[in-house]
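User: Please take a close look at a single helix in this model. Then set it against the sheets and strands elsewhere in the chain.

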Amino acid sequence: DPEMTLLTYLRRKLGLTGTKLGCAEGGCGACTVMLSRYQTHTHHYAVNACLAPLCSLHLVAVTTVEGIGSVARELHPVQERIAMAHGSQCGFCTPGIVMSMYALLRNNPKPKMADVEEAFHGNLCRCTGYRPILEGYKTNSSARILNAFDCKLCFCFLQEATSLFNPADFTPFDPTQEVIFPPDHGHMVKFKNMVYPVILAPAFIPELNNVSHTADGVVFGAACTLSHMGAVLKKAVETLPPHQTEVFLAVLEQLRWFAGLQIRNVAAVGGNIMTASPISDLNPVFMAAGCRLTLMDKDGSRVVQMDDGFFTGYRKTVLRPQEILLSIEIPYSKKFQLVSAFKQSPRREDDISIVTAAMSVTFTPGTDVVEDLRLSYGGMAATTVLAKKTANGLLGRHWGEELLQEACSLLAKEMTLDPSAPGGMVTYRRTLTLSLFYKFYLTVLQKLRLQVSEHSGCFSYPENIPPYLSCHLQAVPEGRSQDDSVGRPMMHLSALKQATGEAVYCDDVPLYENELYLALITSSKAHANILSVDASAAEKMPGVVTCLFADDIPGCNATGPIEHDETVLAHRQVTCVGHIIGAVVADTQLHAQRAAKAVRVQYEELQPIITIQEAIAAKSFYQPIRTIQKGDLEAGFKQADHILEGEIHIGGQEHFYLETNVTLAVPREEGEMELFVSTQSASKTQSLVAKALGVPANRVVVRVKRMGGVSGGRRAGPPFCRLLSPWQQTKTVRCMLDRDEDMMITGGRHPFYGKQGETTPPVGFLNSGKVVSLDVSYYSNVGNSMDLSASVSVSTLIRNSYSVANVRGRGFLCRTNLPSNTAFRGFGGPQGMMVTESWMTDVAQSLGRPAEQVRRLNLYVEGESTPYNQVLDQITLDRCWDECLTRSGYQERRAAVDVYNSQNRWTKRGLAITAFQKMSIFSVCVCVQAGALVHIYTDGSGLHTKMVQVASRVLGIPCSKIHISETSTNTVPNTSPTAASASSDLNGGAVQNACETLNQRLQPYKTKNPKGSWEDWVSEAAYFDRVNLSTNGFYKTPNLGYDFETNSGRAFNYFSYGVACSEVEIDCLTGAHKNLSTTIVMDVGNSLNPAIDIGSYFVFSGGGGFMQGLGLFTLEELHYSPQGVLLTRGPGSYKIPAFGDIPAQLTVSLLRDAPNQKAVFASKAVGEPPLFLAASVFYAIKDAISASRAESGISGPFRLDSPASAERIRNACSDRFTKLCPPAEPGSFTPWSVQV
């Protein structure tokens, strides 16, 4: 089948499910496998199986994660390292990362650390923060990373640093023991459900793969892969005189950041040219260098030059219909010719460009007079363009300040963009054309060996700093039994299975006989009445069994996690793009998806409300509008020495769990239904499915083995799980959303707009910086239904680390026509705390005081009460703050930052320290309960990593005797969601309760035989005495009961605290930034498992953490059109942090001697708290921007919305270049995207 991909073949035909489907566009690396091909020698390379047509793999050997090792057989060292180094959390991405590393080692058994990092450019992980993966695999590298295990000499206090694993335990890697492969490879295509009449694989055509060296340059066949081209050019650079390799170096610089290695291994240079992308990384270089292309058809060949006439329009070239591109000649550079290439993208690694540029200048021999100049840009028009007017205007000029000023003036006039241009960021893109030319200008000055006073502008990115990691754990008390694992680093119990691909996720469940597939029919309009739905064409298509619409729902069509204000299927009206209208059930996924696209829906469009500002203008709010107030606002403002206004917008965030939403519905006898679902709340999913089916909940069993990432997005199960098989309960039905579907249909983190003051002054403060009065309003973009938004808004109002005597906070729920936003790690807290830190920063800047002093002055202290009237006890915020200042060397860093900034004009460093106070558990009493079912068998017992540790301590047995069982509604009913950082507290309490009951039953046998073993007490005594060895445990958080209306009662059981200090470096010309260092100090009580708790900060425990916060505040950006269409629907356009985004230096400390007697074994919740600590990076960026603005004579508070993207950073660094590119007047154009 020419349309079958290698991934489909592996998973559906061979049953090899270790290779995962994460995005279907080659952007996440979850499907990475190794191909092996023999030409003159065997070559191994990693590829994306989701893009590889099976028919292109003739004579190619394919190796999957199952082929290199297994738990039952033997683990490969690559699998073992990632597991033992705690580099696998949810585990969905792990097989792909394993295979990327394996392919690297097959070609290079002793790679440098740079090779390891490059190998992972095409892999994403939402759960680990990447550092433990690199820490594990650095043991395969010839270079070494400094970490606490290697070196404890960086600061004197680091001698207490400890390691989470011992590399000496790893099995050595022996390259001589690997399997020997025979031959070959093929071309990659992403089908996107399209039908291609002819598919050609050019990999076997010799003429298209030849490489030859000529007198003028190197000729590459059009089918040469980018990896091969890079290898040839690298060799040329090493052997040729430097003046001949300027063009080659420019190509290599672009290849360095071109997609991931999996793509470069198969993407052809000819394909890159012929797709004619206006944001191509390589075409500007080819154009600036004047590369020659050989074209051929059946009548002969011709040679054309890549110049301003080659691209004739968007995605069009001069090639005639029957011509093909045969080869490209990349020329040697000439003496006195200098060439540079630049790329600016939202993320450094594996990202599409915002603007690319290549520039070539040739000087009259022996002078600095411009003889020839070519300036080529991508991202500034519908095609790659040459700035010919600018270049011609600079010919004959000396390379100096006058030329620079003239060039910028000419470029600003020539490189214009329509304010509505696709891709948006128009002002930024225009400014980049000037900034990148300035970088080229400085680079050329350096190469000409002229004096350069502003050398910091030459670098495209801040230079790399050797990575460093330090962990400071809590000491395990002396004398504790080695069998007691509580407080010790313990590997994730599923890590080994995840590393071998043997861990079973929902879509890995083997196909049932006659299984059907369901595909969704979704709305293309944000707000419209449905006039008609025509499914006749779909019903006639191959494999289609039926089409489902609202009238086919046998039970109730109304649904929702709390308020039933949603529909299973839209009825008469749609209220967002992606609103599910119906579904197609067919024999295969491909047939179902094609049929779904054939359904025709006619609409009567209504005016949508998309943004928070539109909702405010239309007064489109859900009720109630929550208010929390304490003290006397008016009196506080009278007391204040200063009044300050401010506002900030915090963008939304996509959960982007690597495993998209999936459900498998299996009918059972007597109308029962068994569901395998990726959900955080099995019981809620059970009740909603039963409601839609019109059956009692006891007829529906929901099973959850494991999930490939969560973060709150699976609180009520996938919306489509409620319509699987309601039409007929005789066939198994499966549905797994594609990445673009998942992002379009489901909501994410709420965008927020925070504004200080409405009817009263906003922030009042004293000359000391002490805030005495605050009036703030929080507006959240809720979407088209309430979901959990009311609770999210409450969380926003009450989360705060600072004491303000007189405060009023109001939460407005904006009803808009977007998919309903929902729970996300932090649950509104990060947005609220970002608003708080924004005005706190403004207070410090307006007074000219150090921000850390103002923050420290306002922190909560023991005995103070919160705005919800809860008195704080056992507060450790001050201890965390002081320890973080010490561990980070804050004062020394601040002095060094100031010196650096005084010496560098175009790169600036910033430093910030932020704190947080996080409430424990849900604020809704009904949620703070949990159950556990524990069985003791005569050969072992059953339960998840931390829960196993709890059971191990209570029962007094090794963890090896305890087994994990999946979550299922027929074993433990009425479960609370695994959310709000509550899982360890609630479930741990329930497990403790159950195990203590079992202990009491076993105690007589332990007393009778004190020297006996566990087996003696259980199987030889209690079992024969007919003792019940199974029990239900239950736990509820005591003494909670807050009343929002009266603002009274105890809202929370306890609080978690943490402080982070971060240092960054920004490129003021492009807005790029580098995270230089982060120091974190956290109060987690007595840690149950340091490997997981440390993991929650620079790693992610179950789908969130510090790096997720880093994405929220600095990188991840959802773009919506003014019509409510999500424009960022996959890893190609929506960027989560990658390996290169982790702080270069990282210190994580767990506060010692801070037990919490209000939770299991004196521990604290750790899932959500670390996310907000990444705000320290945001405010370090803002600090660096302030230093840049000071160079232009600008001081005082300024607005910086979140995320602090490269665009926002560059635009905020106001300078002479930004002044040449003023933004268009708002309201004078229709923007490509809007701030929702």
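## One helix and its setting

Analyst: The accessible surface of the protein comes to about 44,900 Å². Carbon and sulfur atoms account for 52% of that area. This is a predicted model. Of its 1236 residues, 63% count as buried. The secondary structure comprises 34 helices and 44 strands.

The helix to look at is H19, residues 682-693. Start with its length. H19 has twelve residues, and at 1.5 Å a residue they should span 16 Å. The end C-alpha atoms are 16 Å apart, so the expected and computed spans agree.

Next, its cover. H19 is mostly covered, with nine of its twelve residues buried. The cut-off here is under 20% relative accessible area. The buried set begins with Ala682, Ser683, Thr685 and Gln686. Leu688, Val689, Ala690, Ala692 and Leu693 complete it.

What do these buried residues pack against? Four strands take part: S20 (558-559), S29 (673-677), S30 (700-704) and S40 (967-968). Just after the helix, glycine 694 takes a positive phi of about 75 degrees.

Now the record. UniProt, in an unreviewed entry, gives the feature "binding site" at Gln680, Arg825 and Ala980. Arginine 825 sits in a loop, between strand S35 (806-815) and helix H22 (829-847). Is arginine 825 buried or exposed? Its relative accessible area is 5%. That is under 20%, so arginine 825 counts as buried.

Now the sheets. One open sheet has three strands in the order S22-S18-S24, paired antiparallel. S22 (573-574) and S24 (600-605) are the edge strands. Each has a single partner strand, so one side of each is left without a neighbour in the sheet. Strand S18 (residues 528-534) pairs with S24 over six bridges, in the antiparallel sense. One of the bridge pairs links alanine 528 to glutamate 605 in S24.

Another open sheet has five strands, ordered S5-S6-S11-S7-S8, with antiparallel pairing. At its edges stand S5 (211-213) and S8 (300-305). Again, each edge strand has a single partner, so one of its sides lacks a neighbour in the sheet. From one strand to the next, the twist averages 20 degrees. Within this sheet, strand S7 (residues 292-297) is joined to strand S11 (residues 324-331) by five bridges, and the two run antiparallel. Leucine 295 stands opposite leucine 325 in S11. A helix covers part of this sheet: H6 (residues 226-239) lies across S5, S6 (217-221) and S11. H6 runs at about 160 degrees to S6.

Last, a strand to set beside the helix. Strand S43 (residues 1073-1083) has ten of its eleven residues buried, so the rest of the structure largely encloses it. Which strands pair with S43? Strand S42 (residues 1055-1067) is joined to S43 by ten bridges and runs antiparallel to it. Glycine 1058 stands opposite methionine 1082 in S43. These two strands form a hairpin, with five residues between them. In the turn, glycine 1071 has a positive phi of about 90 degrees. Strand S44 (residues 1145-1150) also pairs with S43, in the parallel sense, over six bridges. There, valine 1081 has serine 1149 of S44 as its bridge partner.

Back to the helix. H19 has nine of twelve residues buried, and those residues pack against S20, S29, S30 and S40.

Note on methods:
Residues are numbered from 1 along each chain as its sequence is written. This is a predicted model: local features need pLDDT of at least 70, side-chain atom pairs count only at pLDDT 80 or more; totals for chains, interfaces and linings use all residues. Side-chain values use heavy atoms; hydrogens and water are left out. The expected span of a helix is 1.5 Å times one less than its number of residues. Buried means under 20% relative accessible area, exposed over 50%, partly exposed in between (1.4 Å probe, protein chains only). Contact means heavy atoms within 4.5 Å. Two strands pair if DSSP finds at least two bridges between them. UniProt positions are given in the numbering used here, feature names are shortened, and annotations may be inferred rather than shown by experiment. Axes are lines fitted to C-alpha atoms, for helices over the stretch in contact, and angles run from 0 to 180 degrees between N-to-C directions. Accessible areas come from the Shrake-Rupley method with a 1.4 Å probe; for residues, only the protein chains shown count as cover.
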